[in-house]
Amino acid sequence: MSKIIIFDTTLRDGEQSPGASLDHKEKLQIARQLSNLNIDVMEAGFPITSEGDFKSVSSIAKEIRDVSICALARAVDKDIDCAAKALKSAESPRIHVFLATSEIHRKHKLIKAKEEIIKTAVRGVKRAKKYVDNVEFSPEDASRTEPDFLVEVLEAVIEAGARTVNIPDTVGYAIPEQYAALIKNLKDNVKNINDAVISVHCHNDLGLAVANSLAAVKAGATQVECTINGIGERAGNASLEEIVMALKTRKDFFRHTTGIKTKEIVATSKIVSGLTGLRIQRNKAIVGENAFAHESGVHQDGVLKESTTYEIMKPEEIGLPKTNIVLGKLSGRHAFKRRVKALGYELPDEEFEQTFSQFKLLADKKKDIYDQDIEALIQNEKSEVPHIYELESISINCAPVPTASIRLRIGKDKIVADSAKGDGSIDAIFKTVDLLTGIKGTLLDYNVRSVTSGKDALGEASVDVEVKGNTYKGRAVSTDTIEASANAYLNAINKVAIKHRKKKTN
Ligand code: KIV
Ligand code: ZN
């Protein structure tokens with residue numbers, strides 16, 4: 001059985017998901033967990049695109065060991081130089097150069113003839129080789145590229161030193177049989193193909209990303225590019241947990257292994273979902289809430305008698321705790337620490353203490369505290385946004401016109417108070433915050449969900465607020481949804497205030 005290389009691109013393609021954006025601290029947290037998961041290659045970002053991306057790739061390259069750290073670059077000198085600079089401290093750096101090859105992209109996006117594409121690709125790979133030995137090349141939109149031209153491009157870039165050639169199904173157009181045939185064609189016709197690893201990178205526009213990746217593996221690809229929870233551009237990328245568990249569960253068919261520590265899958269999935277704000281659909285394979293739930297009596301009976309009757313995987317294999325041990329008022333620091341660790345978090349002392357005091361406050365209001373509650377508290381505490389404006393108190397009067405009265409703390413000592421009317425109590429709260437902060441936000445999206453069940457459940461509020469053409473996300477939890485909503489809005493407004501403050505000091 002040979003090993004399939006797992007290339008995770010959660011922090012690059014995954015972060016391109018509409019609605020997901022991670023700050024520096026959050027990216028590092030995910031990188032640490034991906035390393036616990038034991039992936040082989042971590043695509044940490046696209047350094048030329050922003051200062052933030054450059055900084056994240058550099059920090060990940062400095063800290064994470066035992067995983068090859070990869071940075072993306074177009075086949076353009078400045079991109080490649082920037083990627084190399086960001087990877088300077090990496091133990092095992094990889095530069096991933098890409099250039100579109102399909103006719104549609106050549107004609108309409110690049111306005112380049114075939115010969116020029118080959119020349120640019122080769123030049124890009126050679127430039128990357130000046131910095132690192134481990135160079136990957138991706139012909140973007142490979143699945144819609146003329147097969148003969150693809151063969152030519154790959155031969156040229158392998159000759160130029162590419163160690164991995166990746167075959168992206170950029171727009172999720174491929175069908176498993178056809179994609180497998182494409183891989184086979186490359187194996188049969190690219191003369192120097194044995195000098196490179198064949199990689200696959202599938203998007204999920206037709207819901208076929210995992211099926212296409214697995215078909216390609218069966219046809220001879222030995223690296224799979226994927227993301228946690230399948231997040232990514234548009235409908236997402238192939239989901240890491242689905243690929244890994246399919247290879248593991250059906251090793252009789254695939255005859256391959258991976259180095260993934262599958263017991264870390266649930267913790268990784270939760271961290272990615274919590275930090276990106278991209279919720280997992282209940283019925284998602286492997287990590288959805290319902291993935292191991294048996295509703296029908298016949299199934300329950302079967303599973304109790306013999307789990308393999310209706311379960312093809314054991315929940316423990318992916319790190320799903322056997323029991324959701326409930327904590328409460330009487331649980332001490334030690335039990336709380338153990339639970340936090342079991343959920344996959346390592347909190348520095350100060351953060352742990354703050355989360356523990358939040359846990360104690362919550363335990364006074366709520367009898368049973370579940371894992372989801374603890375995760376919500378941790379993520380609340382982990383927010384990097386300094387509290388310029390902090391909620392002191394809030395009261396709502398619903399009749400005759402909904403009115404919110406709010407006291408805010410500004411910085412350490414200043415307290416301001418005001419009230420405003422609105423179309424409803426939430427509208428009144430947001431209007432009062434605008435009045436008190438002088439920042440006028442337009443609410444684009446507002447959601448409240450219950451973190452667990454029960455009347456005393458913790459509520460999580462999230463908002464998307466637009467200020468001067470930029471969108472800011474805010475999130476907060478509380479047993480009181482009014483308070484959670486006010487704090488979520490303030491979380492977004494604090495991001496605006498910080499940005500303005502930075503601008504003034506620069
Ligand atoms: O989907 C795609 O083509 C990509 C490339 C940059 C590999 O993400
Ligand atoms: Zn992609």
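**Exercise 1. Which protein donors bind the zinc ion (ligand 2), and how far from it do they lie?**

Solution.
- Step 1. Note that the model is predicted.
- Step 2. List the donors of the zinc ion (ligand 2): D13 through OD, H201 through NE2 and H203 through NE2.
- Step 3. Read the distances. These protein donors lie 2.0 to 2.1 Å from the ion.
- Step 4. Write the spacing along the chain. The donors follow D-x187-H-x1-H.
- Step 5. Place the ends of that pattern. D13 is in the loop between strand 2 (5-8) and helix 1 (24-37). H203 is in the loop between strand 8 and helix 8, and the two residues are 190 apart.

**Exercise 2. Compare the zinc donors with the UniProt "binding site" annotation.**

Solution.
- Step 1. Take the annotation from the unreviewed UniProt entry. The record's "binding site" covers D13, H201, H203 and N237.
- Step 2. Check their spread. The annotated residues span 225 residues of sequence, yet they cluster in space, with a largest C-alpha distance of 10.3 Å.
- Step 3. Match the names. D13, H201 and H203 are protein donors of the zinc ion (ligand 2).
- Step 4. Follow N237 through its contacts. H201 touches N237, and H203 is also in contact with N237.

**Exercise 3. Are D13, H201 and H203 buried or exposed?**

Solution.
- Step 1. Fix the cut-off: buried means under 20% relative accessible area.
- Step 2. Apply it to D13. At 3% relative accessibility, D13 is buried.
- Step 3. Apply it to H201. Its relative accessible area is 5%, so H201 is buried.
- Step 4. Apply it to H203. Its value is 4%, so H203 is buried.

**Exercise 4. Describe the surroundings of H201 and H203.**

Solution.
- Step 1. Locate H201. It lies in strand 8 (residues 197-202).
- Step 2. Find its polar partner. The side chains of H201 and D13 are joined by a polar contact of 2.9 Å.
- Step 3. Add other contacts beyond four places in sequence. For H201 they include T9, R12, N166, Y179 and E225.
- Step 4. Turn to H203. Its contacts beyond four places include D13, T170, G172, E233 and R234.
- Step 5. Look for a link between the lists. D169 touches H201, and D169 is in contact with H203.

**Exercise 5. Where is T437, and which backbone nitrogen does its side chain reach?**

Solution.
- Step 1. Place T437 in helix 16 (residues 425-437).
- Step 2. Judge its exposure. T437 is buried, at 11% relative accessibility.
- Step 3. Trace the side chain. It reaches the backbone nitrogen of I439 at 3.2 Å.
- Step 4. List contacts beyond four places in sequence. T437 touches Y389, L408 and I493.

Conventions
Residues numbered from 1 in each chain as written. Chains lettered and ligands numbered in written order. Predicted model: local features only at pLDDT ≥ 70, side-chain atom pairs only at ≥ 80, totals over all residues. Heavy atoms only, no water. UniProt positions renumbered as here; feature names shortened; annotations may be inferred. Helix = DSSP H or I, 4+ residues; strand = E, 2+ residues; numbered from the N terminus. Buried < 20%, exposed > 50% of the residue type's maximum accessible area, 1.4 Å probe, protein only. Contact = heavy atoms within 4.5 Å. Polar contact = N/O pair within 3.5 Å; in protein donor to acceptor, adjacent residues only side chain to side chain. Donors = N, O, S within 2.8 Å, 3.2 Å for Na, K, Ca; no water.
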